[in-house]
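Consider how one helix, the nonpolar cores and the enclosed space of this protein are arranged. The text below goes through them in that order.

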Amino acid sequence: NRYSHDARTQFLNWALVAAGAFDFAADARGWTNGVALEWENGTWGLRAGAFQVSRRANGLFMDPAVTRAWQVIGQADRFFQLGGRPGALRVLYGASRARQSTWGEIFANGFDTFEQNPGGYRLKHMAALNLEQELADGLGAFARLSWNDGRVQPFEFTQMDRAVSAGLALRGLRWGRPADTAGLAANVGWISRGQQRYLGSGGIGFIVGDGRLNYAPEWVTEVYYDARIAPGINLGLDYQLAVNPGYNADRGPVHLFAVRLRTAF
């Protein structure tokens, strides 16, 4: 997404960098191996890819059994003009097959199965809508909807089964700093009933879990200012407000502050 995809200069929150409920294939550092094909003609775009998934949930090593463990993604893009200003709508579908246990298997076999993955290979379906639209010179809006079937444990990206996000990005044209950008966005995330039950029973995932859960959707609002202070050097200030962090109404709100320095040559 033009206005929200790069944590080096834009939003920092995972669910704003990408679709929060789409369990993208990656190891614990965010990398994988795969192949992708793309075609576009300026109006339409079609993209497809196949990628390795990790051997264990959020693990460092990829599963070598590529005929049994894989993720495939298909995407269709529609580029358009609205009031003479560019926009795009992207539709994604993904299927991920990995040694990820269903919630029923985790309760039957013990909570250690979340990390040890003794179950067989299970399939997860995912989908996302991704919209961007220029509103004025230097001002753009974006929105995302994402979903996964929630039948199996989260495995790669983050612990989120439904997500809605939207925001604005404004370049500094109006105050004489065209290389600067300010952004404001929010994401609301939900988890499936199976994951609610798991966390409410004291389960710990690879990101979320604190021994008890008074469930509520997690709401995060983020604002940033990224300034070009010299050629190749950007300095960013970032603030996030997390309400019901970790889907727990008994926690927070949490205030998160960040300073980001980026150099590129």
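A residue is called buried when its relative accessible area is under 20%, and exposed when that area is over 50%. The model examined here is predicted.

Helix α4 spans residues 193–200, and its buried residues are Gly194, Gln195, Tyr198 and Leu199. Viewed down the axis of α4, these buried residues fall within an arc of 125 degrees, so they line one face of the helix. Arg193 and Arg197 lie on the other side of α4, where they are exposed. After α4 comes Gly202, which has a positive phi, near 95 degrees.

Two of the buried residues of α4, Tyr198 and Leu199, also belong to the largest nonpolar core. This core has 12 residues in all, including Ala15, Trp103, Ile106, Ile191, Val208, Leu213 and Tyr247. Two or more of its residues come from α2 (103–109), and likewise from α4. Another core, of nine residues, lies apart from the largest one; Val53, Ala57, Ala98 and Phe155 are among its members.

Rolling a probe the size of a water molecule over the atoms shows where empty space is left. In this structure there is one cavity of 30 Å³ or more. The largest cavity has a volume of about 40 Å³. Its lining consists of Gly20, Ala21, Phe22, Asp23, Lys124, Asn148, Pro154, Phe157, Thr158 and Met160. By class, five of these lining residues are nonpolar, three are polar and two are charged. Ala21 and Met160 line this cavity and are also part of the largest nonpolar core.

Definitions and conventions: Residues are numbered from 1 along each chain as its sequence is written. This is a predicted model: local features need pLDDT of at least 70, side-chain atom pairs count only at pLDDT 80 or more; totals for chains, interfaces and linings use all residues. Side-chain values use heavy atoms; hydrogens and water are left out. Buried means under 20% relative accessible area, exposed over 50%, partly exposed in between (1.4 Å probe, protein chains only). Helices (H or I, at least four residues) and strands (E, at least two) are DSSP runs, numbered from the N terminus. The arc is that of the directions from the helix axis to the C-beta atoms. On a 1 Å grid over the protein atoms alone, a cavity is a set of points where a 1.4 Å probe fits but cannot get out, and a pocket is an open set with protein on both sides within 12 Å along at least five of seven lines; lining residues have an atom within 4 Å of a point. Grid points are joined across faces, edges and corners, and a volume is the space filled by probe spheres set on the points. Ala, Val, Leu, Ile, Met, Phe, Trp, Tyr, Cys and Pro count as nonpolar, Asp, Glu, Lys and Arg as charged, and the others, Gly among them, as polar. A nonpolar core is a set of buried Ala, Val, Leu, Ile, Met, Phe, Trp, Tyr and Cys residues joined through side-chain atoms within 4.5 Å.
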